[in-house]
Each structure stands twice: as C-alpha cells, then as structure tokens.
Amino acid sequence: MATTPAGDPVRPDPHPAEHPDQDLDRPGLKVGRRKRTAAGVPGVTTAMQHALREMGPVRTVSGLLRMNQADGFDCMSCAWPDPNAPDRSHAEFCENGAKALASEATRKRIRPEFFAEHSIDDLYEHDDHWLNRQGRLTTPMLREDGDTHYRPITWEDAFDRIAAQLRALDSPDEAAFYTSGRTSNEAAFLYQLLVRGYGTNNLPDCSNMCHESSGEALGKTIGIGKGSVTLHDVETAKLILIAGQNPGTNHPRMLTSLEKAKEQGARIVAINPLPEAGLTHYRNPQRVHGMLGRGTRIADVHLQVRLGGDLGVFQGLGKVLLEAEDAGRRSLGLTSVLDHGFVEQHTVGLEEYAANLRATPWSDLEEATGLTEAQIREVAEMLLDSDRTIVAWAMGLTQHKHAVATIKEIVNLVLLQGNLGRPGAGLLPVRGHSNVQGDRTMGIFEKMPQPFLDRLEAEFGFASPREAGFDTVDTIRAMRDGRVRFFLGMGGNFLKAAPDTAVTEAALRSCAMTVQVSTKLNHSHLAPGRTAIILPTLGRSDLDVQRTGRQRVTVEDSMSMVHASSGHLQPPAKDLLSEIAIVCRLARALFHDADGTPRPGSPQADWQAMEDDYRLIRRHIEAVVPGFVDYERRIDDPGGFRLPHGPHDVRTFETTSTKAHFTTTPLWWPRTPPGRLLLQTLRSHDQYNTTVYGPDDRYRGIHGGRRVVLVNAADLVELGFADGDVVDLVSEFTDGVERRAEAFRVVAYDTAKGCAAAYFPETNVLVPLDSTADDSNTPTSKSVVVRLERRAA
Ligand SMILES: Nc1nc2c(c(=O)[nH]1)N[C@H]1C(S)=C(S)[C@@H](COP(=O)(O)OP(=O)(O)OC[C@H]3O[C@@H](n4cnc5c(=O)[nH]c(N)nc54)[C@H](O)[C@@H]3O)O[C@H]1N2
Ligand SMILES: Nc1nc2c(c(=O)[nH]1)N[C@H]1C(S)=C(S)[C@@H](COP(=O)(O)OP(=O)(O)OC[C@H]3O[C@@H](n4cnc5c(=O)[nH]c(N)nc54)[C@H](O)[C@@H]3O)O[C@H]1N2
Ligand SMILES: [Mo]
C-alpha cells in the first residue's frame with residue numbers, strides 16, 4: 001500500500017476522475033441556480049424523454065399506465081405507498097419512477113457478443129452511467145480463474161457449479177447471501193429458506209446500510225421495527241416534521257400526500273442541512289394548478305441543522321415541552337402538555353429521560369445543532385399547537401454513529417404527547433427500496449427472531465441454524481479475513497453500495513466464487529471472485545409466465561400494505577428466469593442428488609411445484625409469517641391488505657416490559673477537527689442508488705457532471721478555497737488510513753456551516769468500513785470527516 005509523507009497508509013481512488021465517455025452526450029459540468037420548486041412541467045418532460053429514449057413509444061405508454069395500478073406492477077423506485085383506489089390517479093407515477101422503469105424496461109440488450117468484445121478490465125474502467133446504458137442482461141455468464149472475459153454458460157451448468165462450490169466449503173458459514181430490496185416477498189421467502197436450509201444465517205441486505213438504525217431503535221422502544229402511520233394519517237396530520245429526507249428526489253409521490261395535508265391546514269417543518277427543492281415548494285404535475293399555477297409551499301419552517309445535530313434538535317424540543325408542562329401549559333386537546341393518560345398506561349422510563357433533558361444546557365444544544373434556542377422553541381410551539389403530529393425521516397438520520405440514539409429520541413418526543421396509536425399521528429421512517437420492508441418480513445435478516453425460525457422449521461421439517469449471521473459490514477470483514485469465501489448477491493450492487501470501496505473490492509475478489517443475480521450490468525460483476533457467475537433475471541415490469549400460467553408476486557410498502565404486482569412487458573430474452581425460478585433451481589441442484597432424491601436434512605419443499613405456481617409459496621408464507629392469513633384472497637383487493645401494527649392499531653407493545661420505552665441518551669454530536677469538514681454522501685436527482693441515469697441534479701442546479709462537492713461559502717473563505725476550484729477529498733479516520741476521492745469541483749452552496757455534501761457511490765471510497773453506527777452497524781455515510789486538498793493544475 002502507498003503511504004503519505006508521514007508514513008500513514010493511503011487508499012487510492014479506484015476510479016480517479018471522470019472518464020471521457022461520460023461526456024459523450026453532454027457538454028461538461030455546469031453549475032446553475034438552485035431550484036426552489038419540485039416537479040411541475042420540467043419533471044414531466046424529463047420523465048418522458050427518459051422513457052421514450054429507452055423504451056420507445058409503445059412500451060412507454062403501456063408501461064407507465066400500469067405502474068402502481070391495481071392490475072399492474074409496483075413501481076420499483078421507492079417504498080412510498082399507493083393511494084386507495086378512488087384516490088388513485090391514472091398516472092400514479094413520478095419523474096423518478098418513470099426513469100426507474102425506463103432503466104429496467106429499456107429495449108437495449110447485453111448479449112454474449114458484448115462480453116466477447118469487452119474484457120472485464122475494460123468494462124471496469126467505465127463509470128456507472130455507461131454500464132447502466134448498455135441495457136438488460138440476457139444470458140448466464142461465467143468467468144473462471146485467469147479468464148479475461150465472461151463467456152456464456154447454460155443455466156444447468158451455472159446451478160451445478162454454484163451447488164458444487166457451496167458443498168465444497170468447510171462450513172456453510174463461509175458463504176454469504178446478500179439481498180437488495182427489490183426482491184418480491186415470494187422470492188425473498190424462498191431465498192432465506194434456501195440459505196437456512198443450506199445451513200447459515202449469513203443474510204446481509206441493503207437494509208443494513210439503510211434503515212437498520214430505524215428498525216433497531218423502533219424494535220427496542222415500541223416493539224416493532226416498522227413505521228406506524230398510514231397514508232390517511234399523513235394526509236390528515238396537523239404537523240409533520242421531516243428530518244434527513246429529500247422527498248422531492250427520492251420519494252416524489254410523498255409530495256402529493258404532503259400537499260393534501262397542507263390543504264387541510266397541516267404545518268410542515270423541514271430539518272435538513274440543505275434547503276431541498278421538494279421541501280420548499282411543489283407543483284403537482286397531476287393537477288392543473290400544479291402544472292400552470294404557483295403550486296404549493298411545503299415547509300413552513302426550515303431548521304438548517306448541522307450534520308448529525310438531530311439528537312440535539314429532538315432533545316431541545318423535548319426540553320421545551322417539559323418546561324411548558326412545568327409552567328402549567330397544555331398541548332392542543334389535552335389538559336396538560338404531556339398526555340399523562342397515555343404515558344402512565346403505556347410507557348416506562350419518563351423520569352430518567354426528563355431528568356436528562358432538564359440537565360442538558362442550551363449552550364450544548366445550540367452547538368450540537370448549529371441552531372439557536374429561539375429556532376427550536378418556535379418548532380416546539382408548533383408541537384404544542386398540534387394534536388396530530390408525525391415525524392418522518394430517512395438516510396439523513398440513519399447513517400450516523402449515533403443514529404439509533406437519535407431515532408430513539410424521536411420516539412421519546414412522540415410518546416410525550418401521546419402521538420402514537422392516534423389518528424393523524426405517529427412515526428414514519430420512509431423506506432428506500434420498494435420491497436426492503438417486505439424482504440425483512442419474509443426473513444431476510446441475519447438475526448431473525450427465534451419464533452420465526454421455529455415456525456420455519458415446523459413448516460419445512462429441517463433444523464435451521466440459530467446463531468446470528470453476518471450483516472453487510474461483517475460480511476465484508478469476513479471476506480477480507482478469508483472467513484467468507486462465497487458471495488451471492490440477489491440483486492443490488494454490493495461493490496458500489498458498500499463502504500470503503502477498495503476494501504470491499506479486494507474482499508469480493510478474494511472469494512472462491514461470486515454470483516450476482518442481476519437485471520443490469522454493474523461494477524459488482526467486474527470485481528469477480530476466482531470464479532464468477534452472472535445470472536440475469538426478470539424485473540418487476542416483466543411478464544412472468546410459468547408452467548401453470550401467468551404469475552403475480554407481492555410486495556410490502558413503507559406503511560405495511562401488502563399488495564400484488566404483476567409485470568406485463570415482454571421480457572428481454574426468451575429463457576430469462578425469474579428470481580423465484582432461480583432460487584428453486586439452485587435449491588434443487590443443492591438439495592437433491594443427481595437422480596432427484598432429496599438429501600437428508602434439507603428442507604422438505606416441492607421446489608418444482610413452487611416454481612410452477614407461486615400461489616403455493618404464498619401458502620407456505622401464510623403458515624410461517626404472522627399477519628398473512630387468507631393471503632391469496634386478500635391480494636385480490638385492489639389495495640391489498642395492511643399487516644397488523646400493535647402500537648398503531650391497539651396501542652400494544654411487544655417489548656420486554658409490554659410498554660413503550662422512553663430512553664435516555666447523553667447529548668452527542670460529531671465534532672470536526674479544525675480545518676476539516678463533515679461530509680454527507682447523498683443522491684442526485686438522476687440516480688437510483690448506484691445506478692446513474694444521467695449527469696444532472698436539476699434541483700440543486702448541477703448539470704453535466706457528478707464530481708462536485710457542495711460547501712458553505714463562509715467555510716470556503718476560511719479554508720482558503722473558492723467556488724470552481726478542483727480538489728481531492730481526503731477522509732481522515734481514527735484507523736490512520738487516508739482515503740482519497742480525486743478531482744471534485746467545489747460548489748459554493750447553501751448548506752449548514754461546517755457541512756459538505758457529495759454524491760455516492762463515487763464517495764464511498766471515503767467511508768471507512770469500521771466507521772459504523774452504534775447498535776445497528778450501519779456505515780456512517782452521512783458523517784465523514786474530510787479535508788479538501790487542492791489539485792496541482
Ligand atoms: N430517485 C431515487 N429514489 C430513491 C433512491 C434513489 O437513489 N433515487 N433511493 C432509494 C433508497 S434505497 C433510499 S434509502 C431512499 C433515500 O432517500 P433520502 O434519505 O432522501 O436520500 P439521500 O439522498 O441520502 O438524502 C438524505 C437527505 O438527508 C439530509 N441529511 C443528511 N444528513 C443529515 C443530518 O445529519 N441531519 C438531517 N436532518 N438531515 C440530513 C440530506 O441533506 C438529504 O436531504 O430513497 C429511495 N428512493
Ligand atoms: N455512501 C453511501 N453509500 C450508500 C448509501 C448512501 O446514502 N451513501 N445508501 C445506502 C442505501 S440506503 C442502500 S439501500 C444501498 C443500496 O444498495 P443496493 O441495493 O445493493 O444497490 P442498487 O444500486 O439499488 O442496486 C442496483 C442493481 O440492482 C440490480 N437490480 C435492479 N432491479 C433488480 C431486480 O428486480 N432483480 C435483481 N435481481 N436485480 C435487480 C441491477 O443489476 C442494478 O445494477 O446503498 C447504500 N450505500
Ligand atoms: Mo436504502
């Protein structure tokens with residue numbers, strides 16, 4: 001490894017600067033004015049341009065019109081729920097949903113000749129935007145030790161090789177099975193059965209990098225790791241706090257619900273280091289006044305918090321409520337500030353929590369948040385004026401060292417006024433991938449609760465492993481140390497989504513075998529293990545026909561609604577297998593002898609019958625997973641059905657004490673050494689995680705390039721830089737390693753002081769593997785200590 005002049009190790013950037021091909025159809029990086037309004041006409045035009053270019057007119061019309069409709073498929077772009085049938089529009093999609101569909105339903109194809117033409121090393125040099133533009137994968141491909149190119153193989157050969165490799169490992173725990181959150185309930189359920197039947201709980205998933213902190217905090221405090229509210233709650237709330245989320249880009253259809261809430265008088269507070277366009281103003285493209293008129297102002301108040309300052313915000317708000325209680329004031333609809341009936345009947349731990357907040361000085365809260373006491377008091381007054389309050393959050397809260405503590409502090413605040421299990425009120429972690437919540441429900445979790453494993457064993461007559469397996473970060477550590485030698489990715493792009501790209505890449509390359517089940521080409525295919533296999537698969541929008549006819553699958557959204565999804569577009573290749581078929585065939589190769597007899601000890605399941613008819617899978621799910629009674633019939637209802645949520649539905653709490661828990665955390669916030677900035681790594685408007693649709697971030701005024709770093713103008717002056725400078729970002733972590741991302745254009749931007757922002761996945765090289773959130777082990781992608789280094793001209 002290279003070293004700094006001082007002798008510290010240096011981890012170079014594997015993708016040093018932008019490649020010329022990224023500039024093929026664009027004029028180079030331009031920085032314009034930041035937009036104050038989201039969606040409206042430009043959103044519709046952009047969506048249509050993407051769709052027509054990739055899919056052509058016929059697929060565009062039939063694709064977009066079935067998106068999020070009762071007889072169509074669930075949009076793969078985010079986990080925001082669909083409105084009930086009468087409120088559903090004929091065009092129930094957003095600009096970014098249309099881009100996601102265009103990317104999946106593109107007419108472009110990658111055929112074996114493509115891999116013959118391009119070596120793996122050549123492909124590796126291309127960026128994520130170029131890789132995505134090459135089209136859909138169509139044929140199983142193999143790369144063996146020493147090969148420079150992938151070559152086609154048959155499905156049978158692929159499954160036999162994978163099964164043989166799995167059998168050859170010294171222990172099942174030397175294998176890890178990743179899941180990204182687009183996998184349907186049915187595929188996820190069979191996949192975890194395959195993995196546990198094989199003998200390991202090593203089931204890392206994208207959630208480990210995403211809302212794990214939310215699941216951990218909610219599970220410990222209210223006994224269920226899921227959000228409590230329904231769409232109706234959001235639309236009828238009186239106050240909505242939105243912290244660490246950029247819905248205008250990442251959950252655009254949420255803006256429609258926020259607009260409805262505003263029309264009924266709700267007030268909205270944005271808590272964010274950046275002034276995000278969707279949170280300030282929205283023009284609903286589905287309404288005339290949204291297309292032509294001024295649209296709706298969304299946030300009434302913007303708290304421009306410092307990165308990682310949210311624990312301070314929620315503690316400050318709690319502190320004012322307690323003070324108001326002492327002063328004999330009242331919350332709307334109550335005779336006091338606190339909902340004493342609720343607190344006494346349903347919670348424990350108030351005393352200690354209150355003592356902690358009373359002892360926390362305002363000077364610390366101001367330093368932690370970068371806000372004034374008056375700003376926090378203003379929002380606390382809004383809490384006192386509301387008897388229906390919702391707190392929503394996403395990655396801005398979950399990807400910090402103290403993420404779990406911060407989310408527990410949100411729960412504290414909500415409990416004080418009894419805003420749980422009351423209409424129009426509650427907790428809303430806004431999920432990312434469209435079925436990430438469902439995958440968890442189906443058992444994609446390295447430490448699934450024992451009662452689930454008991455039922456799984458009873459249903460399939462086998463002994464499931466019981467010890468916790470590896471999550472995402474632990475999987476990388478284990479691969480790095482040679483303890484995991486087999487990696488299978490059910491979707492996703494592990495290499496680019498995971499932290500510390502150089503370490504993750506070496507870890508993947510050190511495996512005996514890597515297998516990726518994918519729709520599109522990405523860098524995880526290009527950092528192969530000794531043997532590497534690509535299994536192409538059907539996407540959400542593709543027609544899925546099996547031996548008994550056309551199949552449907554199900555998904556669960558952010559609000560626990562389970563509903564059917566069935567694609568109808570012609571798949572990219574004739575013999576493409578669905579994820580379910582892939583799992584079933586791999587299970588047969590692994591669990592059956594050559595003559596078809598099941599091996600002793602393997603799960604007793606008819607894998608062929610389940611592949612032929614997905615209804616049989618749903619019957620097994622019904623037997624194993626609580627809340628799925630009468631599954632098949634209930635997904636015939638247009639909106640599907642809602643899974644039970646104790647705290648929301650009946651105010652019951654499956655915690656150790658059967659009550660909701662107030663928790664106590666001493667105030668903490670990330671402190672940045674002098675001359676350094678705290679960097680958050682976030683999404684542009686033109687990407688879906690590691691899939692880059694285009695080079696623009698329209699709302700933030702960035703066009704034609706992604707290597708930008710947004711910095712507060714005053715910080716630039718202090719640090720001796722100027723807008724337009726080109727710098728390297730150098731991350732400093734306690735392990736003494738210097739991580740470097742090269743050649744970023746500095747953009748003076750309205751972000752909180754001391755806080756910078758740049759896009760992932762390019763900046764994942766800067767996120768140290770060992771920098772993770774306490775209790776959830778989620779990489780701290782929103783707080784990376786960096787210095788800017790001027791590049792030699
Ligand atoms: N089009 C599109 N849609 C998507 C995705 C996509 O990539 N593209 N990804 C999907 C997935 S998997 C997910 S998880 C979601 C992600 O949805 P988001 O969480 O909205 O995604 P990010 O771009 O990471 O944005 C983080 C937001 O939090 C703010 N923030 C960062 N740090 C802090 C902090 O310390 N405190 C506060 N209060 N705010 C902070 C940032 O300024 C930014 O507005 O979106 C899903 N939907
Ligand atoms: N620095 C930094 N890193 C982050 C984050 C961050 O904010 N900052 N966010 C994190 C978050 S929230 C998440 S969720 C993860 C995302 O991590 P992942 O889910 O692993 O990444 P994606 O980019 O969503 O995966 C894209 C790939 O999925 C495949 N794919 C798409 N649809 C399908 C399908 O239907 N079936 C199958 N089998 N494959 C499909 C395609 O081949 C595509 O290339 O990244 C995390 N990484
Ligand atoms: Mo996510």
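## Exercises on helix and strand packing

In this predicted model, helix H22 (residues 450-460) packs with helix H28 (residues 614-624) at an angle of about 135°, their axes lying 9 Å apart.

**Exercise 1.** Classify how H22 is oriented relative to H28, and state which residues of H22 meet which residues of H28.

*Solution.* Start from the angle of about 135° between the two helices. Angles over 145 degrees count as roughly antiparallel and those from 65 to 115 as roughly perpendicular, while the rest, outside the roughly parallel range under 35 degrees, count as oblique. The angle therefore makes H22 oblique to H28. As to handedness, H22 passes H28 in a right-handed crossing. In the contact itself, Phe452, Arg455, Leu456, Glu459 and Phe460 of H22 meet His620, Ala623 and Val624 of H28.

**Exercise 2.** Determine which residues of helix H17 (residues 362-369) are buried, and find the helices against which they pack.

*Solution.* The buried residues of H17 are Trp362, Leu365, Ala368 and Thr369. They cover an arc of only 125° around the axis, which means that they lie on the same side of H17. The general background is that an α-helix has 3.6 residues a turn, so residues three or four places apart point the same way. The partners of the buried residues of H17 are helix H14 (310-326) and helix H18 (373-384). Just after H17, Gly370 adopts a positive phi of about 75°.

**Exercise 3.** Establish how strand E9 (residues 239-243) is enclosed, and identify the strands that pair with E9.

*Solution.* Five of the five residues of E9 are buried, so this strand is largely enclosed by the rest of the structure. Leu239, Leu241 and Ala243 point one way from E9, whereas Ile240 and Ile242 point the other way. This can be read against the general rule that in a regular strand the side chains alternate between the two faces of the sheet. E9 pairs in the parallel sense with strand E10 (residues 267-271) over five bridges, and Ile242 stands opposite Ala270 in E10. E9 also pairs in the parallel sense with strand E15 (residues 389-393), over five bridges, with Ile240 opposite Ile390 in E15.

**Exercise 4.** Describe the order and edges of the open sheet that contains E3, E11 and E12.

*Solution.* The three strands follow the order E3-E11-E12, with mixed pairing. Strand E3 (38-39) and strand E12 (296-297) are the edge strands, each pairing on one side only. E3 pairs with strand E11 (residues 281-283) in the parallel sense over two bridges, and Ala38 stands opposite Tyr282 in E11. Finally, helix H11 (residues 252-263) lies across E3, E11 and E12, running at about 100° to E11.

Technical notes. Residues numbered from 1 in each chain as written. Chains lettered and ligands numbered in written order. Predicted model: local features only at pLDDT ≥ 70, side-chain atom pairs only at ≥ 80, totals over all residues. Heavy atoms only, no water. Buried < 20%, exposed > 50% of the residue type's maximum accessible area, 1.4 Å probe, protein only. Helix = DSSP H or I, 4+ residues; strand = E, 2+ residues; numbered from the N terminus. Arc of directions from axis to C-beta. Contact = heavy atoms within 4.5 Å. Pairing = 2+ DSSP bridges. Axes fitted to C-alpha atoms, helices over the stretch in contact; angles between N-to-C directions. Left-handed = near helix turned anticlockwise from the far one by under 90°.
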